[in-house]
Amino acid sequence: MHVAIIMDGNGRWATQRGLPRSSGHIEGAKAVRTAVEAAARADVKTLTLYAFSSANWSRPAAESAALMHLFGQYLFTETRRCVEQSIRINVIGRRDRLSENLLRSIEQSERSSAAGSGMLLRIAVDYSSQHSIVEAARRAGRDAESAGTELTGTEFQRLLLEVDHCTHPASEVDLLIRTGNERRLSDFLLWESAFAELHFSECLWPDFDEQRLHCALEDYDRRQRRFGGLGANTL
Ligand code: IPE
Ligand code: IPE
Ligand code: MG
């Protein structure tokens with residue numbers, strides 16, 4: 001099962017407490033550890049977390065920098081915990097706008113966790129689905145020109161994985177969770193979520209815990225997925 005989460009509401013969590021937004025992001029990072037470990041325990045095969053969207057660069061520079069710093073810290077402290085739990089780490093998204101230091105940390109985390117046989121943890125940073133799709137289409141056009149062959153869906157998916165720096169192929173999203181009381185996708189996994197079940201939670205991300213993950217998984221279990229067909233219960 002592939003679960004994807006749009007971790008939203010850090011800023012509001014902090015504002016409600018009269019704290020700076022950065023405190024919300026710090027608490028949010030703690031909730032990431034909880035969610036990752038709870039998902040692995042719940043036998044989720046792939047967990048994709050939206051940590052920083054390409055659109056988030058439009059925030060004040062200090063906030064973007066603080067988020068990048070927190071992400072680097074997360075990799076530094078959590079990689080070993082992930083390795084101990086056989087969790088493989090893969091950072092997806094653009095890499096051309098990240099700092100050299102961060103790129104090194106990402107490569108190190110991916111390399112040291114690569115042999116894990118457990119959950120695949122994908123963290124989306126400087127991620128934009130629209131950008132990925134356009135870039136994959138551009139590469140498809142380039143390949144078609146040189147090879148003279150027609151593009152297949154499988155080939156397009158391979159290009160999408162390449163554009164996003166996916167080290168492991170991931171199945172399509174089964175359950176997409178968004179916290180923070182917003183009901184939108186914000187340019188996250190648009191292609192991969194074609195048939196995803198959606199679960200929107202009012203909970204602000206720093207308050208997300210194992211119980212809330214179970215609640216989303218139970219909600220998912222009650223859904224009947226039909227993929228355009230008639231479903232199992234139809235006479
Ligand atoms: C989610 O929380 C974290 C990121 C987008 C990086 P927000 O920072 O969007 O929090 P709100 O939506 O302003 O409360
Ligand atoms: C989506 O949240 C991005 C992440 C959670 C990383 P945003 O807070 O940036 O999205 P919008 O602005 O509500 O669409
Ligand atoms: Mg938000």
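In this predicted model, the side chain of Ser186 places an N or O atom 2.7 Å from an oxygen atom of ligand 2. Two further side chains make polar contacts with ligand 2: a polar side-chain atom of Asp8 lies 3.1 Å from one of its oxygen atoms, and a polar side-chain atom of Arg59 lies 3.3 Å from an oxygen atom of that ligand. With these residues in place, the protein covers 78% of the 390 Å² of accessible area that ligand 2 has on its own.

The surroundings of ligand 2 draw on several parts of the sequence, and they include Ile6, Met7 and Asp8, then Tyr50, Ala51, Phe52 and Ser53, then Asn56 and Arg59, and finally Arg178, Arg184 and Ser186. The space that ligand 2 takes is the largest pocket, and ligand 1 sits in the largest pocket as well.

Around ligand 1 one finds Met7, Asp8, Gly9, Asn10, Gly11 and Arg12, together with Arg21, His25, Ala51, Asn56, Arg59 and Leu67. Met7, Asp8, Ala51, Asn56 and Arg59 thus appear around ligand 1 and also around ligand 2. The polar contacts of ligand 1 described here involve Gly9, Gly11 and Arg12, and they come from both backbone and side chain: a polar backbone atom of Gly9 is 3.3 Å from an oxygen atom of the ligand, a polar backbone atom of Gly11 is 2.9 Å from an oxygen atom of ligand 1, and an N or O atom in the side chain of Arg12 is 2.7 Å from an oxygen atom of ligand 1. Of the 380 Å² of accessible area that ligand 1 has on its own, the protein covers 87%.

From the ligands the reader can turn to the nonpolar interior, where the largest nonpolar core holds 39 residues, among which Ile5, Val36, Leu47 and Leu121 touch the most other members. Ile5 can serve as a point of entry: when its neighbours within four places in sequence are left aside, Ile5 is in contact with Leu47, Thr48, Leu49 and Tyr50, and also with Ile177, Phe188, Trp205 and Phe208. One of these partners, Tyr50, is in contact with Ile5 and is also among the residues around ligand 2, while Leu47 is a partner of Ile5 that is itself among the core members touching the most others. Apart from this core there is a second, separate one of 12 residues, which includes Ala4, Ile92, Leu189 and Ala196.

Technical notes
Residues are numbered from 1 along each chain as its sequence is written. Chains are lettered from A and ligands numbered from 1 in the order in which they are written. This is a predicted model: local features need pLDDT of at least 70, side-chain atom pairs count only at pLDDT 80 or more; totals for chains, interfaces and linings use all residues. Side-chain values use heavy atoms; hydrogens and water are left out. A nonpolar core is a set of buried Ala, Val, Leu, Ile, Met, Phe, Trp, Tyr and Cys residues joined through side-chain atoms within 4.5 Å. Buried means under 20% relative accessible area, exposed over 50%, partly exposed in between (1.4 Å probe, protein chains only). Contact means heavy atoms within 4.5 Å. A residue is near a molecule or strand if one of its heavy atoms lies within 4 Å of it. A polar contact is a pair of N or O atoms within 3.5 Å; within protein, one must be able to donate a hydrogen and the other to accept it, and residues adjacent in sequence count only if both atoms are side-chain atoms. Accessible areas come from the Shrake-Rupley method with a 1.4 Å probe; for residues, only the protein chains shown count as cover. On a 1 Å grid over the protein atoms alone, a cavity is a set of points where a 1.4 Å probe fits but cannot get out, and a pocket is an open set with protein on both sides within 12 Å along at least five of seven lines; lining residues have an atom within 4 Å of a point. A molecule sits in a cavity or pocket if more than half of its atoms lie within 2 Å of its grid points.
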